Amino acid sequence: MPEKGFERFSMPPTTERLLLGPGPSPVAPRVMRAMAAPVLSHLDPEMMAILDDVRARLGRVFRAADGAFSFAVSGTGTSGMEAAVAGLTRPGARAVAVVNGYFGDRLAQMLQRYGATVTRVDGEWGRACDPARLEAALAGGADLVTMVHAETSTGVLNPVAEMCRVAAARGARTIVDCVTSLGAHPVEAGAWGADAVYSCSQKGLGAPSGMAPVTFRDPEFRSKGDTTGAPKGESRSFYLDVNLLYDYWVNRKYHHTISAPLVYALQEALAAVEEEGLERRWARHCANHERLVSALAGIGLELLPPPGERLWSLNAVKVPDGADEAGVRKALLADHGIEIGAGLGPLAGRIWRVGLMGSGSTEENITRLVSALGTLLRR
């Protein structure tokens, strides 16, 4: 018999939510079914073949350069962020962090924890970064530059292609956060020349959370014996050491016990991406973003970032004067079964964050959300 007071936790929740927040996004039935396949050991030959397939698919969805090491860290997007920082940062490194939102700031904090001397290029929350400001900050030189492609906290799309060019011209390595853009916006890791790009499984790719896709451009991170030109010294992290992860994913050496169901889900989600086609998928996210902007205007709402600087996958909607920001979110969830996100940092109480990502980016979901929002705001 279960201990008294714990009976109600014996079954998983049955309430369905329409997940239109900053993540996770809705998971398609085919991806959910994939997780029901028999569990394999982390070193089973069939699992190794699946990991090889996942690596190849990730390389294509990242548009990674030939020879790049693309894989997935066991963890959420922040684990991918830390794997990138751990792989490219050593104590005393000179780093420049471009910060115009919550996750740019998180990168700056992580760089400091790994011993880098960090210079921040701070920008306005809700506006895209100016590459000229990065260029000025690099006048004294730097080893590493971090930036966010799709700033989840503000709904802003940053010009990372140009910023990567600026950094490369100064001889600096680059880390790019694509947590909210991979699978929803054009991501061109190879063309950008970025040294490390990371994302997550639960947003534009449409899988459950728990895996963080990462791609490293240079072969120097491929094995412990090939470190020519790499930052000196071993990684401070064992779990997120890219060399050890390469040895597991490629050389079949034990590192950690990967979750077979999460790997199956990621593989199926990547298959769905490729079946749709990246260009068509990007076009779908763009078209539905424009539909949402138009529908919101019809009920008197607008987005925080100006046109041209907006994400398709994450929409920062201004809270109108007099509206109960938290009350509307709670009523959406309680009365309509729809989840949206709140603002972070200086935008707390000022915006709602509406995600249209993966299989959740549909015209039907837009209609349902805007109808419910209109009803609540009139109330």
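Start by selecting Val317 and Trp352: Val317 stands opposite Trp352, which belongs to strand β14. Keep in mind as you click around that this is a predicted model.

**The three-stranded sheet**

Now widen the selection to strand β14, residues 351-355, and add β11. Five bridges join β11 to β14, and the two strands run antiparallel. Bring in β13 as well and you have an open sheet of three strands, ordered β11-β14-β13, with antiparallel pairing. Which strands stand at the edges? They are β11 (314-318) and β13 (341-342); each has a single partner strand, so one side of each is left without a neighbour in the sheet.

Next, colour residues 325-336. This is helix α11, and it lies across β13 and β14. Look along the helix and then along the strand: α11 runs at about 30° to β14.

**The seven-stranded sheet**

Time to hop over to another sheet. Select β2, β10, β9, β8, β5, β3 and β4, in that order, and you'll be walking across an open sheet of seven strands with mixed pairing. The edge strands here are β2 and β4 (117-122), and each of them pairs on one side only. Turn the view a little and look for the twist, which averages 20° from one strand to the next.

Zoom in on the β4 edge. Strand β3, residues 94-99, is joined to β4 by six bridges, and the two run parallel. To pick out one bridge, select Val99 and find its partner in β4, which is Asp122.

Now go to the β2 edge and show the helices there. Helix α2 (residues 45-62) lies across β2, β9 (196-198) and β10 (211-216), and runs at about 110° to β2. Helix α8 lies across β2 and β10, at about 100° to β2.

**A pair of rings**

While you're at β2 and α8, show the side chains of Phe69 and Tyr246. There are four aromatic pairs in the structure. How are the rings of Phe69 and Tyr246 arranged? Their centres are 4.9 Å apart and their planes are at 80°, so this pair is edge-to-face. The two rings also link distant parts of the chain: Phe69 is in strand β2 (residues 69-74) and Tyr246 is in helix α8 (residues 242-249), 177 residues apart.

**Two backbone oddities**

Select Arg63 next, in the loop between α2 and β2. Arg63 has a positive phi of about 55°, although it is not a glycine.

Then jump to Pro24, which you'll find in the loop between β1 (18-19) and α1 (29-34). Check the peptide bond that leads into Pro24 from Gly23: it is cis, with omega near 5°.

**Helices against helices**

For the last stops, hide the strands and show the helices. Two packed helices are described by the angle between their axes and the distance between the axes.

Begin with helix α9 (residues 260-276) and α10. Their axes come within 6 Å and cross at roughly 90°. That makes α9 roughly perpendicular to α10. Show the side chains where they meet: Val273, Glu275 and Glu276 in α9, facing Leu278, Arg280, Arg281 and Arg284 in α10. What kinds of residue make up this contact? Two are nonpolar, none are polar and five are charged.

Stay on α10 (residues 278-298) and add helix α12 (residues 363-378). These two pack at an angle of about 20°, with their axes 10 Å apart. That makes α10 roughly parallel to α12. The crossing of α10 past α12 is right-handed. On the α10 side, select Asn288, Arg291, Leu292, Ala295 and Leu296; on the α12 side, select Glu363, Ile366, Leu369, Val370 and Leu373, and you have the contact. Sorted by class, the contact of α10 with α12 holds seven nonpolar residues, one polar and two charged.

Note on methods: Residues numbered from 1 in each chain as written. Predicted model: local features only at pLDDT ≥ 70, side-chain atom pairs only at ≥ 80, totals over all residues. Heavy atoms only, no water. Axes fitted to C-alpha atoms, helices over the stretch in contact; angles between N-to-C directions. Helix = DSSP H or I, 4+ residues; strand = E, 2+ residues; numbered from the N terminus. Parallel < 35°, antiparallel > 145°, perpendicular 65-115°, else oblique. Left-handed = near helix turned anticlockwise from the far one by under 90°. Contact = heavy atoms within 4.5 Å. Nonpolar A, V, L, I, M, F, W, Y, C, P; charged D, E, K, R; others polar. Pairing = 2+ DSSP bridges. Phe/Tyr/Trp six-rings, centres within 6.5 Å; stacked < 30°, edge-to-face > 60°.
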